[in-house]
Amino acid sequence: MYEYELETEDKELKKVGLELMFLTPEKYDNEEGITSVELAKLVDLPLEVVKKKLNILKDAGIVRVKGIKPKYWRFDEYNFQRMDEHDDLFKLLCSFDDVDFDRFFSY
């Protein structure tokens, strides 16, 4: 079971979570998902930081992992929509005030 409380906004967690949230299957190199190495390059964060953030999201049930070496990560939209709207992690990933959507979409 996961326990996550935000005292201050975790910008790195938000960056990793939003990248996975808006990552479409067309952008994956593998149909199973994205590796932590690929994700670290996308979000421009150290691999160890990305792995920690992925584990927080996995413990919350909003990302799934397949495989062992390498592990492939995917966002779980169904579980995310079922989260309590008062959950700190849910609120973090739904606060779009400082999000540049051009990063995720091409218009």
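Where does Asp-87 lie? To find Asp-87, look at the loop between helix H4 (77–81) and helix H5 (88–94). We will come back to this residue after a walk through the rest of the chain. Keep in mind along the way that this is a predicted model.

Let's begin with the overall plan. The protein chain contains five helices and two strands. If you start at the N terminus and follow the chain, the elements come in the order α-α-α-β-β-α-α. Of the 107 residues in the protein chain, 40% are buried.

Our next stop is helix H1, which covers residues 11–22. This helix has twelve residues, and from its first C-alpha to its last it reaches 16 Å, close to the 16 Å expected at 1.5 Å a residue. How many of the twelve residues of H1 are buried? The count is nine, so H1 is largely enclosed by the rest of the structure. Among the buried residues of H1 are Leu-13, Val-16, Leu-18, Leu-20, Met-21 and Phe-22. The buried set also includes Lys-14 and Glu-19, so you can see that residues with charged side chains appear on this list too.

Moving along the chain, you reach helix H3 (residues 47–59), where Leu-47 is found. With a relative accessibility of 30%, Leu-47 counts as partly exposed. Try locating Val-37 as well: ten residues separate Leu-47 and Val-37 in sequence, and their C-alpha atoms are 6.3 Å apart in space.

Now for the two strands. Strand S1 takes in residues 63–66 and strand S2 residues 72–75, and they pair in the antiparallel sense over four bridges. Together S1 and S2 form a hairpin, with five residues between them. In the turn you will find Gly-67, which has a positive phi of about 85°. Which residues of S2 are the bridge partners here? Val-65 has Trp-73 as its bridge partner in S2, while the partner of Arg-64 is Arg-74.

Charged side chains give us another set of links to follow. In general, side chains of opposite charge can pair when their charged atoms come close. A search of the whole structure finds four salt bridges, and we can visit some of them here.

One salt bridge joins Glu-32 and Lys-66, with the closest N and O atoms 3.2 Å apart. This pair links distant parts of the chain: Glu-32 sits in the loop between H1 and helix H2 (36–43), whereas Lys-66 belongs to strand S1, 34 residues apart. Glu-32 counts as partly exposed at 27% relative accessibility. Lys-66 is also partly exposed, with a relative accessible area of 48%.

Another salt bridge brings Asp-76 together with Arg-64, where the closest N and O atoms are 3.4 Å apart. Asp-76 lies in the loop between S2 and H4 and Arg-64 lies in strand S1, so this pair ties together parts that are twelve residues apart in sequence. Are the two residues buried or partly exposed? Asp-76, at 10% relative accessibility, counts as buried, whereas Arg-64, at 46%, counts as partly exposed.

Helix H5 holds a salt bridge of its own. The side chains of Lys-91 and Asp-88 meet there at 3.9 Å, N to O. Because Lys-91 and Asp-88 are three residues apart in helix H5, they are separated by about one helical turn. Lys-91 counts as partly exposed at 43% relative accessibility, and Asp-88 is partly exposed with a relative accessible area of 23%.

Aromatic rings are worth a look as well. The whole structure contains two aromatic pairs, according to the search. Phe-75, Phe-80 and Phe-90 form one aromatic cluster.

That brings us back to Asp-87, in the loop between H4 and H5. Asp-87 is buried yet has no salt bridge. Which side chain of opposite charge is nearest to Asp-87, and how far away is it? That side chain is Lys-91, 8.2 Å away. A salt bridge needs a nitrogen and an oxygen within 4 Å. What does the side chain of Asp-87 reach instead? Its contact is with the backbone nitrogen of Leu-89, at 2.7 Å.

Note on methods
Residues numbered from 1 in each chain as written. Predicted model: local features only at pLDDT ≥ 70, side-chain atom pairs only at ≥ 80, totals over all residues. Heavy atoms only, no water. Pairing = 2+ DSSP bridges. Phe/Tyr/Trp six-rings, centres within 6.5 Å; stacked < 30°, edge-to-face > 60°. Buried < 20%, exposed > 50% of the residue type's maximum accessible area, 1.4 Å probe, protein only. Polar contact = N/O pair within 3.5 Å; in protein donor to acceptor, adjacent residues only side chain to side chain. Expected span 1.5 Å × (residues − 1).
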